[in-house]
Structures are given as structure tokens and as C-alpha cells.
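Let's walk through a protein model together, one piece at a time. Keep the picture open while you read, and look up each residue as it comes along.

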Amino acid sequence: MKLVTFDQGRIGIVDGERVIDITDLAGAEPGTWPPVGMVRLIADWQARSPALHDAVTRRESRPLAEARLEAPVQWPNKIIAFPANYHAHIDEMKHGSGSGVISTYKASGQGFFLKANSSLSGPADDIVLPPLAGREIHHECELGVVIGRRGRGVTRADARDYVFGFTCLLDMVVRGKEERVMRKSFDTFCPTGPWITTADEIADFDNIEMRLFVNGEERQSASTRNLIVDIPEMIAMSSAVMTLEPGDIIASGTPAGVGPVEDGDVLEIVIDGVGSMTLDVRQGELGMHAVWDEAKAGLAV
Ligand code: MN
């Protein structure tokens with residue numbers, strides 16, 4: 001099943017080129033704050049999903065193209081993100097900076113970081129670049145894993161049961177040496193969507209292929225089989241530290257091929273079996289601060 005958030009907090013099921021509005025069945029309240037409709041649906045999934053399956057066969061649908069799609073999960077408890085999770089990406093960052101990233105720097109030994117929830121945006125939103133002179137802002141193509149159940153201390157063996165579904169995710173970042181959370185948390189620096197594809201549609205978590213195109217040119221391509229920390233281990237590691245909640249998002253880490261984006265660029269992310277979305281990049285006006293002024297654009301993760 002493919003679940004969308006659209007038109008200011010409505011919830012829908014995607015059926016080909018059409019969408020079935022299930023806002024009422026999801027218990028969502030469009031237009032209200034905080035926008036927790038999808039989080040509630042995920043938390044109540046066991047109780048609510050039979051009625052949703054029934055709705056697919058009985059309800060009217062309307063063209064998906066007429067809906068304005070939003071970030072599928074708008075108010076997660078947290079976004080957990082893995083750095084340095086593909087060997088080839090670690091190599092390119094070492095060569096790109098020349099500043100001696102130690103070879104042991106990888107997700108298996110380094111762990112994860114958090115990205116601000118407010119950086120989430122959706123498939124219809126532009127990626128808005130802060131005007132930081134001399135700085136590169138890079139795309140990182142990633143798989144978003146949406147958590148379905150509350151859990152702490154989840155084992156690898158049980159991890160699959162905690163995955164609700166998957167979504168496309170871009171981890172945008174200003175390269176530099178400032179705190180990573182700040183460099184990765186500008187508004188619109190975490191596009192997600194176009195929907196959540198539920199886990200039952202993905203046969204093999206270790207064989208998910210993803211690609212990223214910039215202005216039609218392929219820049220990144222990878223499979224989850226090449227992850228250093230795989231999906232079960234991401235769940236085991238993060239839940240060793242913190243309680244996972246329904247709707248939490250885990251960003252998988254990016255493969256090789258990261259690079260700068262500029263005003264007017266068009267990014268397309270494609271994840272086989274999950275979905276695809278095309279995003280416009282534009283220059284914004286907010287983001288300047290003295291913290292960015294010093295020349296420390298060397299390394300970067
Ligand atoms: Mn990343």
C-alpha cells in the first residue's frame with residue numbers, strides 16, 4: 001500500500017494514478033496543528049488497516065495529479081541519520097577534502113546523528129538554498145525507513161517487524177566543519193516522499209536500488225546490499241540508545257556521487273519499488289549568519 005499526505009494534512013491511498021481519500025478512516029484532522037495525522041495512523045495501524053483495505057475496493061478515487069502531495073510524515077518524534085554508510089562514499093569524502101578523515105570513520109563505529117524534524121519537506125516543495133557565499137550545498141540520495149512500532153533494545157532478528165515502510169529521502173547538507181546538525185537542518189533540507197510504501201511490498205530489504213539524477217544526469221546509484229550498517233542494524237543500534245516511536249524516520253546514509261546543487265537545478269530521486277520524486281532547487285534569502293563566515297569549508301560529512 002502507498003500512503004500519502006496531501007492538501008494540508010489529508011491522508012490517502014495511492015491507486016495507480018489516482019488517490020483514495022481515507023482521512024476519516026485514519027482519524028486525521030486536516031488543517032490542524034501539529035500535523036500528526038500520519039503518525040497517528042501508523043501508531044493505530046493494526047486497528048485501522050482492515051477498513052483501509054475495504055476502502056480501496058469501495059471508495060471513489062480522484063486523480064493523484066490534482067492533489068498537492070506533502071511530506072508523508074510531517075511530525076515525527078525524530079529523524080535518525082547515518083553518516084559514512086557506504087565505503088565508496090567514505091573514499092570520495094577523503095579524497096575531496098584532503099584533510100585526513102581517519103579510515104575508521106564509518107557508521108559501524110561512529111553511530112548516527114539527528115536531523116531537525118523541521119527540515120522535512122515534501123515532493124511538491126522546492127529545496128531552498130541559503131545564500132552562503134563560497135559554500136557548497138550537496139545532495140545526498142538516501143532511503144527513508146519509517147518506523148511502525150514503539151521499541152527499545154530491538155534485536156536484529158526482530159528489526160523487520162519495526163519497519164512500517166519506506167520513502168525517498170534527500171539529506172541536503174552545507175559542506176563545512178560546523179556542527180553537522182546545523183549544516184543539515186535548514187528548512188527543506190530533508191525532502192521526503194512522494195509517499196510511504198508499506199514494508200509488505202518490499203520483498204528484500206537488502207536489495208533496494210536507488211538512483212539520483214541532477215538535471216537528467218545520473219549522479220548517484222546504489223543498493224542497500226552495499227550498506228555498511230544494514231537496515232536491521234540501524235534499528236538495533238538506534239533503539240539501543242533511544243525509544244523508537246511510530247513515524248520515526250531513519251535516513252540510510254548516502255552512496256558515492258554527492259555533489260553541489262545550484263539555483264535552478266532539478267533533482268530526481270528514484271527508489272525501485274518505493275517511488276520517485278522530482279524536486280526544484282531555488283535560491284532563498286534566509287540562512288546568513290556570522291557563524292558561516294569563517295573559511296572552514298574543508299571537510300565534511
Ligand atoms: Mn546523509
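Which residue in β13 is the bridge partner of I137? The partner is V174. Please keep in mind throughout that this is a predicted model.

## A sheet of three strands

I137 and V174 give us a way into a small sheet. Two bridges join β10 to β13, and these two strands run antiparallel. With another strand added, the order becomes β13-β10-β18, an open sheet of three strands with antiparallel pairing. At the edges sit β13 and β18 (259-260), each of which pairs on one side only.

A little background may help as you look at sheets like this. Strands of a sheet pair through backbone hydrogen bonds, and the pairing can be parallel or antiparallel.

## A closer look at H139

Now find H139, which has its place in strand β10. Is H139 buried or exposed? H139 is buried, because its relative accessible area is 0%, and the cut-off for buried is under 20%.

H139 also shows how a folded chain brings together residues from separate parts of the sequence. H139 and P260 are 121 residues apart along the chain, yet their C-alpha atoms are separated by 6.6 Å. Leaving aside residues up to four places away in sequence, H139 touches a whole list of others, including D171, M172, L212, R219, G259 and L267.

## The manganese site

D171, one of the residues that H139 touches, leads us to the metal. Which residues coordinate the manganese ion? They are E140, E142 and D171, at 2.0 to 2.2 Å, with OE atoms from the two glutamates and OD from the aspartate. Along the chain, these donors follow the spacing E-x1-E-x28-D. E140 and D171 link distant parts of the chain, 31 residues apart: E140 lies in the loop between β10 (137-139) and β11 (141-147), while D171 lies in the loop between β12 (163-170) and β13 (173-174).

How accessible are these two residues? E140 has a relative accessible area of 4%, so it counts as buried. D171 is buried as well, because its relative accessibility is 1%.

## β12 and its partners

Let's follow the strand that comes before the loop of D171. Eight of the eight residues of β12 are buried, so this strand is largely enclosed by the rest of the structure.

β12 has antiparallel partners that you can trace. Seven bridges join β11 to β12, and here G144 stands opposite T167 in β12. Four bridges join β12 to strand β14 (residues 190-198), where F166 stands opposite T197 in β14. As you trace a strand, remember that in a regular one the side chains alternate between the two faces of the sheet.

## Two domains in contact

Finally, zoom out to the whole protein. It is divided into domain 1 (2-70) and domain 2 (79-293). Their contact takes 13 residues from domain 1 and 18 residues from domain 2. The C-alpha centres of domain 1 and domain 2 lie 25 Å apart.

How much area is buried between domain 1 and domain 2? The area is about 1,200 Å², and carbon and sulfur atoms give 68% of it. There are also two salt bridges between domain 1 and domain 2. In a salt bridge that you can look up yourself, the side chains of R68 and D125 meet at 3.0 Å, N to O.

How values were computed:
Residues numbered from 1 in each chain as written. Predicted model: local features only at pLDDT ≥ 70, side-chain atom pairs only at ≥ 80, totals over all residues. Heavy atoms only, no water. Donors = N, O, S within 2.8 Å, 3.2 Å for Na, K, Ca; no water. Buried < 20%, exposed > 50% of the residue type's maximum accessible area, 1.4 Å probe, protein only. Pairing = 2+ DSSP bridges. Domains from an automatic or database assignment. Contact = heavy atoms within 4.5 Å. Buried area = accessible area lost by both parts, 1.4 Å probe. Salt bridge = Lys/Arg side-chain N within 4 Å of Asp/Glu carboxyl O.
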